[in-house]
Amino acid sequence: MMSSNYTAIDSQNVSGSVPAAAGPPGQVAVKFTESNLQTFPPSSSQGKISGASGPPRDADDSFSKPVSGSDEPQQSGWFRAFTIAAYKPYFDVDTSDVLERIKDSLLPFTGSFSEKTADRPDLYGPFWICSTLVFVAASIGTFITYIAHKLQNKEWNYDINLITWSAGLFYGYSTIVPLCLFLVLKYFSAPSGLVQLLCLYGYSLFVFIPALCLSLVPWEIVRWVVAGVAGFMSATFVALNLKHHIASAGERWFFIVAAIFLLQLALALVLRVYLFNVTV
């Protein structure tokens with residue numbers, strides 16, 4: 001019954017495309033084009049999706065392009081001082097380097113610290129030395145005043161100004177004094193590296209860390225001796241390491257070294273009066 005409505009398909013025309021089937025009048029003939037489904041993926045493709053594994057042609061390839069030079073924008077002149085990359089070399093030290101430099105600061109009479117750090121001065125050690133001094137000074141100063149008030153049965157209140165005062169003293173001293181000395185040496189035609197001066201003064205303050213710890217001793221004479229010894233060691237360390245360099249400034253080199261020495265002693269005196277002292 002159904003065979004009368006459709007025309008038989010010639011088996012010789014099966015390969016390639018499928019011919020249109022003849023149907024009764026009024027029906028639409030459907031024709032299928034040639035297909036390559038036997039090959040997957042196709043050898044050639046149209047549009048943006050291809051057989052290759054690369055991104056589309058109109059994709060943004062800015063991330064795949066090789067970057068020339070470093071991964072940070074290069075700056076020149078004074079603009080470079082405001083980039084992180086300018087300070088990376090001064091923090092490129094390990095624990096052994098810092099410990100070696102701390103040991104040299106506790107042996108002030110050798111005077112070889114500047115020679116050892118001439119090629120690689122660092123700011124890592126000075127930063128943490130100053131930070132430790134701020135913490136130790138505030139902690140010990142608070143503890144001493146607390147014990148003193150309790151022993152005398154007096155009311156005790158925490159003084160937050162001790163932290164800000166300590167931070168201003170140590171950070172300010174280790175920054176402003178080397179900067180002023182840098183300008184003075186440059187004026188007398190004996191210039192020295194600013195970072196090297198910052199490194200020298202930063203490590204010169206390490207001796208005050210154990211000195212502040214010894215200020216817990218309740219005897220005033222011991223506190224004066226500890227402050228005096230620490231100040232003398234710190235002043236000698238700075239003066240001897242700058243002596244040979246400042247000698248090129250002419251006849252006035254002695255006065256410059258003497259001023260440096262006395263300034264370190266003045267720092268020790270300030271610490272003795274304000275941090276090594278107990279006020280109740």
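Helices, as counted here, are DSSP runs of H or I with at least four residues, strands are runs of E with at least two, and both are numbered from the N terminus.

**Figure 1. Overall view of the predicted chain and its order of elements.** From the N terminus on, the elements run α-α-α-α-α-α-α-α, which corresponds to 8 helices and 0 strands. The model is a predicted one, in which local features need pLDDT of at least 70 and side-chain atom pairs count only at pLDDT 80 or more, whereas totals for chains, interfaces and linings use all residues. Residues are numbered from 1 along each chain as its sequence is written, and side-chain values use heavy atoms, with hydrogens and water left out. Of the 280 residues in the chain, 32% are buried, where buried means under 20% relative accessible area, exposed means over 50% and partly exposed lies in between, as computed with a 1.4 Å probe on protein chains only. Taking contact to mean heavy atoms within 4.5 Å, 72% of the contacts between residues at least 6 apart in sequence join residues at least 24 apart.

**Figure 2. Close-up of spans that the UniProt record annotates as "transmembrane region".** The annotation, from an unreviewed entry, covers residues 123-148, 160-185, 197-218, 224-242 and 254-275; UniProt positions are given in the numbering used here, feature names are shortened, and annotations may be inferred rather than shown by experiment. Residues 160-185 are 96% helix and 0% strand, with the end C-alpha atoms 38 Å apart, while residues 197-218 are 68% helix and 0% strand, with the end C-alpha atoms 36 Å apart.

**Figure 3. Close-up of the largest nonpolar core, with Phe170 among its residues with the most contacts.** A nonpolar core is a set of buried Ala, Val, Leu, Ile, Met, Phe, Trp, Tyr and Cys residues joined through side-chain atoms within 4.5 Å. The largest such core has 46 residues, and those with the most contacts inside it are Leu133, Phe170, Leu181, Leu205, Phe208, Leu242 and Ile260. Two or more residues are given to this core by each of α1 (95-105), α3 (124-151), α4 (161-187), α5 (194-204), α6 (208-214), α7 (220-246) and α8 (253-274). Leaving aside neighbours within four places in sequence, Phe170 is in contact with Cys130, Leu133, Val134, Ala137, Leu205, Leu271 and Leu275.

**Figure 4. Close-up of aromatic rings, including those of Phe127 and Trp128.** Rings of Phe, Tyr and Trp (its six-membered ring) pair if their centres lie within 6.5 Å, with planes under 30 degrees apart counted as stacked, over 60 as edge-to-face and the rest as tilted; by this rule there are 11 aromatic pairs. The rings of Phe127 and Trp128 have centres 5.2 Å apart and planes at 75°, so this pair is edge-to-face. Phe127 is partly exposed at 39% relative accessible area, as is Trp128 at 45%. The pair Phe254 and Phe255 is likewise edge-to-face, with centres 6.0 Å apart and planes at 75°, and both of these residues are exposed. One aromatic cluster is formed by Tyr124, Phe127, Trp128 and Tyr171.

**Figure 5. Close-up of Ser139 and Cys213.** Ser139 is found in helix α3 and is partly exposed, with a relative accessible area of 32%. Cys213 is also partly exposed, at 38% relative accessibility. The two residues are 74 residues apart in sequence, and their C-alpha atoms are 9.9 Å apart in space.
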